[in-house]
Every structure is written in structure tokens, then in C-alpha cells.
Amino acid sequence: MFCGVGLSALIGAPYIGRPITGLAELRVPGLASIPVLGPALFVHDALVYAAVPVAVATWWALFWTRWGLAVRAVGENPVAAFAAGRSPRAVQYQALVLAGLLAGIAGAHLSIGVAKTWAEWMTAGRGFIAVALVVFARWQPLRAIAGAFLFGGAISLQLQLQARGVPISPFVLDMLPYVLSLAVLAAWGGMGRQAAPGSLGRVFQGQR
Amino acid sequence: MNARAIVTTLVTALLVCTGVAPAQPKLIVGILHVGSITDAGYNQAHADGIQAMKRNLPEVEVIEVENVPEGADAERVMESMIKRGARLIIPASFGYLEPALRVAQRYPEVKFAHPGGYKRVPNLTTYWASTPEGFYLLGMAAGKVTKTNKIGYVVALPISFFLANINAFELGARSVNPKAETRLVFTGTFLDPAKEATAATALLDQGADVLGVIVDSPITVVQTAEKRGAYSVGYHYLGAQKFAPNGWISGIAFTWGNLYTRFARQVLDGSFKSENILGSLGDDLLAIAPFGPAVPADAASLVNAKRQEFIGGRAHPFQGPLKDNTGVERVKAGEVFPLTDLGKMNWLVEGVVGQPR
């Protein structure tokens with residue numbers, strides 16, 4: 001992780017303090033002018049609209065394709081997958097590259113979609129909330145959609161509540177996403193363990 | 001060739017040789033930045049100061065390190081600067097105070113200058129500039145420019161010095177526009193552009209048409225305001241208006257160049273002493289950025305007149321009677337809240353929408 005942070009700092013140094021044009025906001029014709037819901041749901045950049053379909057596509061790929069079956073098999077029991085003729089290491093690297101790609105797009109969105117500037121360490125540890133999200137979703141991409149709205153909403157909500165002048169301490173509001181993460185992990189922890197892939201975190205010692 | 005010519009030639013050769021040999025710099029200055037020196041904010045103000053010092057004193061060499069975490073890393077960076085010959089260290093972040101004090105005690109021959117520090121040792125001096133008067137002036141300009149009478153402020157943390165700035169800002173705005181209201185959003189951190197953008201957008205959605213900012217880099221907030229056609233006021237650095245050519249009102253900025261030059265000269269001539277330097281509008285440590293096109297001429301002259309009153313000591317930003325935003329009287333009529341007590345200002349003045357803790 002720290003290698004990535006350092007690398008991004010090295011490559012990104014010339015971009016600090018420079019405005020970025022960023023992604024354009026796309027208004028969905030008609031729907032965008034609905035009061036309250038319109039601006040909330042239909043005035044965003046392309047990546048925001050792509051987020052839900054990507055999660056659905058991930059679910060489809062994991063549970064409805066041969067490749068997804070291989071990924072899940074390697075996760076549960078790489079030895080069995082190996083015996084069935086799959087190369088666990090190849091599958092693991094494919095999954096790793098894909099996950100890294102998606103996480104990279106998510107991080108890039110902070111810069112080119114939200115802030116439209118770049119600064120070192122601007123993800124500010126948001127990726128760790130993704131770990132809580134995986135536990136919350138119990139390794140199920142469709143549930144992760146709901147979880148992402150919940151966690152993302154909590155981060156945004158505390159700023160929105162302050163802007164609306166709600167009389168709650170900013171310190172308490174700032175805790176919101178983290179308290180939520182902890183609560184979810186504590187409440188679902190037991191079930192989460194059952195949902196986690198059986199060989200998660202174990203190194204496959206096979207041949208290929 | 002007579003004897004005289006030979007001597008002249010030898011002397012010339014000697015002079016040429018000593019001239020060519022790498023001259024030892026008279027002084028090496030080390031500066032640590034907590035963020036990036038191109039942030040158009042807190043860090044760039046310090047970096048610009050050190051550049052100005054280099055222009056004034058070309059014989060001084062500078063070791064500059066960016067993005068140094070506050071803590072043990074800062075100590076290591078300072079020690080390595082000292083090993084490379086630095087005799088003046090500027091740990092340019094509030095959080096470097098404790099590491100700097102520890103290093104200062106280990107190396108009594110090295111001098112240190114710390115911004116905003118509240119503790120000193122014989123070889124560590126502290127400096128800062130008083131900002132409430134400047135914020136009062138920005139408030140006046142913003143109060144004149146706002147059409148919705150709502151000003152949004154994105155602030156890192158509710159610490160007393162920031163609350164004092166916000167209070168002064170709101171009092172300045174009210175002095176020219178009794179309906180002006182300042183709304184606060186605390187982001188909880190000095191650098192998180194994504195949160196700052198979200199906070200800025202939330203404030204604009206609540207009807208604010210002027211945005212201000214107290215985080216390390218004003219870029220995100222100023223730029224967000226500009227994109228939405230709103231106005232903005234800056235802080236820390238004079239060059240921030242390039243991010244808002246239309247909506248820029250003004251900003252207050254630290255200009256550390258002359259101070260850093262003085263520090264370097266003092267180390268060179270041995271007159272360096274530990275003191276608590278507090279700059280103000282009247283000296284060369286603090287500047288008001290040029291007004292943007294949004295500020296009408298009468299507002300600009302009002303602000304300039306008030307500025308002269310502050311400099312002359314004829315006005316005070318916290319002149320009583322003052323009530324806080326829960327209705328409690330905080331400063332009695334005829335009294336002022338002393339600027340030396342800003343560390344105790346744990347309330348927000350009437351007209352500010354926000355929670356002080």
C-alpha cells in the first residue's frame with residue numbers, strides 16, 4: 001500500500017496545485033429536474049453512473065460465468081481447483097489485477113470527479129472502508145451496492161448536516177462512518193466469517 | 001619577465017584557483033514542509049518565503065523537504081539536515097514543535113524557528129502573524145459582495161484560533177451587512193480535497209454565494225466556488241486567485257520572506273535570539289491579496305480605511321458587546337476580547353451557523 005502511495009506521489013508531484021478539468025457532469029434529460037431526487041440521482045459524471053452496473057457485472061461474472069466459478073473455487077480451495085485443471089496462481093493474479101483496476105478507478109474519481117485537483121494522500125484511507133464494505137456485503141457484490149450507499153452516505157451526510165446547521169458536534173458527525181463500520185463489523189462479524197472464502201489469506205503452495 | 005610580473009602572475013593564479021574551488025556556503029538553511037510546496041496555500045507560503053530569502057542572500061544554501069509527517073520522521077529529517085551542515089532549521093508546521101524541541105536540545109549550536117509554537121528554548125524562536133484583523137477585512141468585502149447574505153466556510157477543525165478567525169470574519173461582514181450569515185463545515189482534517197469539495201458543494205446548495213476556507217490548500221474550495229459561479233476568499237497564500245479569476249474577492253496571506261531573511265542574517269552575525277514574534281497587518285508578515293473584479297470600488301475603499309484603523313490601533317476586531325450564537329453575552333459593551341487570549345476563544349459569535357465543539 002505504501003509503495004502505491006509513494007509511487008503516486010512521485011508521478012503526481014507535477015499535478016499538485018494545478019486545476020484539473022475533470023469529468024463533465026451529465027444531466028439525465030427530464031429526470032434531472034425532479035426536485036430533491038433529480039440532483040441527488042441524475043446529475044453526476046459518467047463514473048458515478050457506471051458504478052452500479054459495474055457492481056452488477058461483477059456479481060454476474062462471479063456467479064454466472066465459468067471464470068467466476070474458477071475465482072470462487074480458488075478462493076474456497078485452491079488445491080481442488082488445481083486438481084480440476086485450473087491454475088490458482090493465474091486466477092488469483094487475474095482477480096488481483098481486476099480488483100486493483102477498479103480500486104484505481106475509484107481513487108481516480110476522487111481526483112477527476114469530486115475534487116478536480118490532485119494532492120498526495122488524497123484518498124485519506126478511504127480504501128479501508130472498502131474492507132468493512134466487503135464484510136458488510138458478505139462477499140456478495142449486490143449487497144455491496146447497498147453497503148456502498150450506506151458508507152458513502154455516512155461520509156457525505158456529516159458534511160451535509162453541518163452545512164444545514166444541524167446542532168450536533170462536528171466531532172460526533174465525523175465519527176459517523178467509522179462508528180457505522182465498527183457496528184457493522186461487530187454485528188455481522190460472526191456471519192462474515194462463514195461467508196468469507198475458505199482459503200482467504202492462505203498462500204497456495206502448488207506448482208503453477 | 002621581471003620579478004614584479006612573476007609575483008602578479010602568481011597572485012592572479014592563486015586568486016583564480018581559490019575562486020574556482022567550491023566555496024563553502026556561508027549558511028545552510030533546512031526547511032521541512034508538512035505538505036506540498038505547490039499547494040497554493042500554507043506550505044507554498046513558507047516555500048515562497050524561503051525563495052525570497054535565497055534571492056536576498058544568494059550565499060545561503062537551502063535544503064527543502066516536502067511531505068514530512070509530524071513526529072519521529074520529522075526528527076530524523078532535521079537530524080539529517082544538521083549532518084549535512086544546516087545551522088538554521090525551519091520546521092514549518094505546528095505539529096513539528098515537539099520534534100523540533102527535542103532536536104534543538106540535542107544540538108544547541110543549531111538555531112530553529114517554528115511557526116505558531118507556544119514553547120521556546122534558547123535556540124528555538126517562534127513566529128506567527130495575528131490573523132483576526134485580516135479576516136475582519138475579508139468579512140467586510142464578502143459582506144458587500146454577497147447577494148444571498150450567506151457565506152460558507154470550509155474549516156479543518158474547530159480550534160480556538162480558527163474560531164477567532166471565523167468570528168472576526170462574521171463581525172466584519174455584519175459591520176457592512178447586518179443580514180450576513182456565516183455557515184461552517186468542519187472537515188476534520190487539513191488536507192482532504194474530496195471532503196472539501198463535498199463540503200463546498202453542500203454549502204453552495206444551502207444558498208451560500210461566497211465560500212471561504214481554512215485548510216492547508218484553498219484550491220479545491222476556491223475552484224468549486226468558481227465553477228458554480230460563486231465568490232471566494234482565500235487564506236495563506238497570495239497566488240490563490242488564479243483558481244478563481246471571476247469570483248475572487250480577496251484573501252489574507254503570510255509573506256515570510258523578510259522574516260526568513262532576518263533569521264538567516266541573525267544566524268550569520270550571531271545575533272539570533274529566542275523570542276516570540278507576532279506579526280500583524282501593519283508589518284511585512286501579513287498581506288491582503290489584491291481585490292478581484294467582484295469587489296465594488298466603494299467596498300474596497302471601506303476595507304482599506306478599516307485596515308488603516310487596525311494598523312493605527314484605532315479599531316479592534318472583537319469590540320464588545322458581543323454575543324455568541326447561543327445568545328450568551330461573551331464580551332461586555334465597551335470591552336474587547338484581547339488578541340493575546342485567542343487560545344481561549346471557544347465560542348462562535350452571533351450570526352455564525354456552526355458548532356464550536
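Here is a friendly set of notes on the two-chain model above, and it is a predicted one.

1. **Chain A, the overall picture.** Start with the secondary structure of chain A, which comes to nine helices and two strands. Reading from the N terminus, you will meet the elements in the order α-β-α-β-α-α-α-α-α-α-α. The C-alpha trace of chain A spans about 60 × 40 × 40 Å along its principal axes. Of its 208 residues, 28% count as buried. If you take the contacts in chain A with a separation of 6 or more, residues 24 or more positions apart account for 56% of them.

2. **Two domains in chain A.** The domain assignment divides chain A into domain 1 (1–123) and domain 2 (125–208). Try finding the centre of each on screen: taken over C-alpha atoms, the centres of these two domains are separated by 16 Å. Where they meet, 22 residues of domain 1 of chain A are in contact with 19 residues of domain 2 of chain A.

3. **What lies between those domains.** Domain 1 and domain 2 of chain A bury about 1,600 Å² between them, with 65% of that area on carbon and sulfur atoms. Which residues of domain 1 of chain A lose the most area to domain 2 of chain A? They are A:Trp59, A:Phe82 and A:Arg89, and together they make up 28% of what that side buries. As for salt bridges across this interface, the rule finds zero.

4. **A closer look at A:Ser181.** You can find A:Ser181 in helix α9 (residues 170–195) of chain A. Is this residue buried or exposed? A:Ser181 has a relative accessible area of 9%, and because buried means under 20%, it counts as buried. Leaving aside residues up to four places away in sequence, A:Ser181 touches A:Ala132 and A:Phe151. The pair A:Ser181 and A:Phe151 is a nice one to look at: they are 30 residues apart in sequence, and their C-alpha atoms are 7.7 Å apart in space.

5. **Chain B, the overall picture.** Now turn to chain B, whose secondary structure comes to ten helices and 15 strands. Its C-alpha atoms fill a box of roughly 90 × 40 × 40 Å, taken along the principal axes. Of the 357 residues of chain B, 56% count as buried. Among contacts in chain B between residues at least 6 apart in sequence, 65% join residues at least 24 apart.

6. **The seven-stranded sheet of chain B.** Chain B has an open sheet of seven strands in the order β12-β10-β9-β8-β6-β7-β15, and the pairing is mixed. The edge strands are β12 (286–288) and β15 (352–353) of chain B, each of which pairs on one side only. As a reminder, strands of a sheet pair through backbone hydrogen bonds, either parallel or antiparallel. For an antiparallel example, look at strand β10 (residues 248–254) of chain B and β12(B), which pair over three bridges. There, B:Phe254 stands opposite B:Leu286 in β12(B).

7. **Strand β6 and its neighbours.** How many residues of strand β6 (residues 150–155) of chain B are buried? Five of its six are, which leaves this strand mostly covered. On one hand, β6(B) pairs in the parallel sense with strand β7 (residues 181–186) of chain B over six bridges. The route from β6(B) to β7(B) goes through helix α6 (residues 160–176) of chain B, and this β-α-β crossover is right-handed. On the other hand, β6(B) pairs with strand β8 (residues 210–214) of chain B over five bridges, again in the parallel sense. B:Val154 is a good residue to follow here: its bridge partner in β7(B) is B:Val185, and in β8(B) it stands opposite B:Val213.

8. **Where the chains meet.** Finally, look at the contact between the chains, which takes 31 residues from chain A and 32 residues from chain B. Chain A and chain B bury about 2,500 Å² between them, 61% of it on carbon and sulfur atoms. Across this interface the rule finds two salt bridges. One salt bridge to look for joins the side chains of B:Lys195 and A:Asp174, at 3.1 Å from N to O.

Note on methods: Residues numbered from 1 in each chain as written. Chains lettered and ligands numbered in written order. Predicted model: local features only at pLDDT ≥ 70, side-chain atom pairs only at ≥ 80, totals over all residues. Heavy atoms only, no water. Buried < 20%, exposed > 50% of the residue type's maximum accessible area, 1.4 Å probe, protein only. Helix = DSSP H or I, 4+ residues; strand = E, 2+ residues; numbered from the N terminus. Pairing = 2+ DSSP bridges. Right-handed = clockwise from strand over helix to strand, strands pointing away. Domains from an automatic or database assignment. Contact = heavy atoms within 4.5 Å. Buried area = accessible area lost by both parts, 1.4 Å probe. Salt bridge = Lys/Arg side-chain N within 4 Å of Asp/Glu carboxyl O.
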